[in-house]
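Open the model in a viewer and keep the selection panel at hand. The stops below say what to select next and what is there.

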Amino acid sequence: MPAGRGGHTFHNQEETELAASVLAFSATNCSDETARHLGSGCGYPAPGFPSSFNYGPLFRIGAFTFNKPMLLATICAAIVVIFFWSAFSKPKLVPKGAQNLGELGILFVRDQILRPMMGKRGDGFLPFLVSLFFFIWIMNIMEIIPVAQFPVASEFAFPVALMVMVYGTYNYLGIKHQGLGGYFKNMIPRGVPIGILGILAPVEILQYIIVRPFTLAVRLFANMFAGHILLLVFTLATWYLLSVGIGLLWSATSFLLTVVLTAFEMLIQALQAYIFTILTAQYIGGALEAEH
Amino acid sequence: MADNSSNAGWTIFGYLISGMIFYGGLGWLISRWTHITAIFPIGMLVGLGVGVFAVIYKYGRQ
């Protein structure tokens, strides 16, 4: 299937191109995307949605199909569990090896994310935040691991599932610590004249109930989705432009950009995991606080 | 609690969207009820205005 095939007109145009290429090169097969090159007349196989995000089932259990993103998420969870298990199953007073690395990670989450947002009484949420941070980070890193090469969070359901967990946690804590009435009362800003309050209150409540969790999930999803497309564009272009002549120079430029963008994506991956976790800490901290 | 700057942008975005969803939705319901189509876009604009006002109210006085 050629990617990015829009409607019927485009389809026709593509067929015209195909006919032209058949005339010109007589033996070009456009249905094979990996064989497309500059000058073959087939056109650049642009990445897009859903063609670059569709994975067929690896296996089925009844109506349930298990695909590559699910497999990657499972592997990521296993990596996090196994790493921290091996780091802290037999803790030593003087840490070394995996324990050293694990302590570094936990201290980072505690001192950079948890303490500034929640203070000392939020320490009970350290395991939650540590697992959230490392799970998201490893999931994002899958974007640039060879063979995997798919950021799991670019399937919207995965960030939504994480968001539902966070949303449930801070709403439960907010209602538990502030009471149902107090929880909603604390959403509305203080010291506002009653006329303005009537206008602002629905907006504030909508912001807290719907828009805030939605943006939490969308931010992670959109960054990973865009990153995946960005890397695909230049990786595919490197291959597509690879030909004798001037195309070789373009291909080399595209390859250079792929390398630069891979480094850039590594930054984004860590940053998005950090932002998701720090916002979780902030929301839970806000729910624990009776007055804000 | 410390409102970190990376979140401030998204909170502002959230206010604008929330205002438009609420007052736009209200306008849509009224326009369906009264069959006056102009009320829906007016509601959207009012929502945008309220969103901007909420942002100014929350961040403009710091």
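Select α3(A) and α8(A) first; these two helices of the predicted model make a right-handed crossing. Their axes cross at roughly 30 degrees and come within 8 Å of each other. To see the contact, show Val109(A), Ile113(A), Leu114(A), Met117(A) and Met118(A) on α3(A). On α8(A), the residues to show are Thr277(A), Ile278(A), Ala281(A), Gln282(A), Ile284(A), Gly285(A) and Leu288(A). Colour this contact by class: nine residues are nonpolar and three are polar, with no charged residues.

**The whole of chain A**

Zoom out and colour chain A by secondary structure. Eight helices and two strands appear, in the sequence order α-β-β-α-α-α-α-α-α-α. Of the 292 residues in chain A, 29% are buried. If contacts are drawn between residues at least 6 apart in sequence, 61% of those in chain A join residues at least 24 apart.

**The side that touches chain B**

Which residues should be selected where the two chains meet, and how many come from each chain? Chain A gives 21 residues to the contact and chain B gives 18. On the side of chain A, the elements with two or more residues there are α3 (98–118), α7 (194–241) and α8 (247–288). Select α7(A) next, as the element that gives the most, with ten residues. Coloured by class, this side of chain A shows twelve nonpolar, six polar and three charged residues.

**The nonpolar cores**

In soluble globular proteins, nonpolar side chains tend to be buried together. Here the largest nonpolar core has 47 residues. Begin with the residues that have the most contacts inside this core: Cys76(A), Leu129(A), Phe133(A), Ile136(A), Met139(A) and Val152(A). Then switch on the elements of chain A that each supply at least two of its residues, namely α2 (68–88), α3, α4 (126–141), α5 (157–178), α7 and α8.

Centre the view on Met139(A). Which residues does Met139(A) contact, leaving aside its neighbours within four places in sequence? They are Ala73(A), Cys76(A), Pro151(A), Val152(A) and Ala153(A).

A second core, separate from the one above, has eleven residues. Among them are Leu200(A), Val203(A) and Leu206(A), together with Phe22(B) from the other chain.

**Backbone details in the loops**

Go to the loop between α1 (8–25) and β1 (59–61) of chain A and pick Pro50(A). The peptide bond leading from Phe49(A) to Pro50(A) is cis, with omega near 0 degrees.

The last stop is the loop between α4 and α5 of chain A, where Val147(A) is found. Val147(A) is not a glycine, yet its phi is positive, at about 75 degrees. Is Val147(A) buried or exposed? Val147(A) counts as exposed because just 6 other C-beta atoms lie within 10 Å, and the cut-off for exposed is 12 or fewer.

Gln149(A) sits in the loop between α4 and α5 too. Its phi is also positive, at about 45 degrees, although Gln149(A) is not a glycine. With 15 other C-beta atoms within 10 Å, Gln149(A) is partly exposed.

Note on methods. Residues are numbered from 1 along each chain as its sequence is written. Chains are lettered from A and ligands numbered from 1 in the order in which they are written. This is a predicted model: local features need pLDDT of at least 70, side-chain atom pairs count only at pLDDT 80 or more; totals for chains, interfaces and linings use all residues. Helices (H or I, at least four residues) and strands (E, at least two) are DSSP runs, numbered from the N terminus. A residue is buried if 20 or more other C-beta atoms lie within 10 Å of its own, exposed if 12 or fewer, and partly exposed in between; C-beta atoms are placed from the backbone. Two residues are in contact if their C-beta atoms, placed from the backbone, lie within 7 Å. Ala, Val, Leu, Ile, Met, Phe, Trp, Tyr, Cys and Pro count as nonpolar, Asp, Glu, Lys and Arg as charged, and the others, Gly among them, as polar. Axes are lines fitted to C-alpha atoms, for helices over the stretch in contact, and angles run from 0 to 180 degrees between N-to-C directions. A crossing is left-handed if the near helix is turned anticlockwise from the far one by less than a right angle, and right-handed if clockwise. A nonpolar core is a set of buried Ala, Val, Leu, Ile, Met, Phe, Trp, Tyr and Cys residues joined through C-beta atoms within 7 Å.
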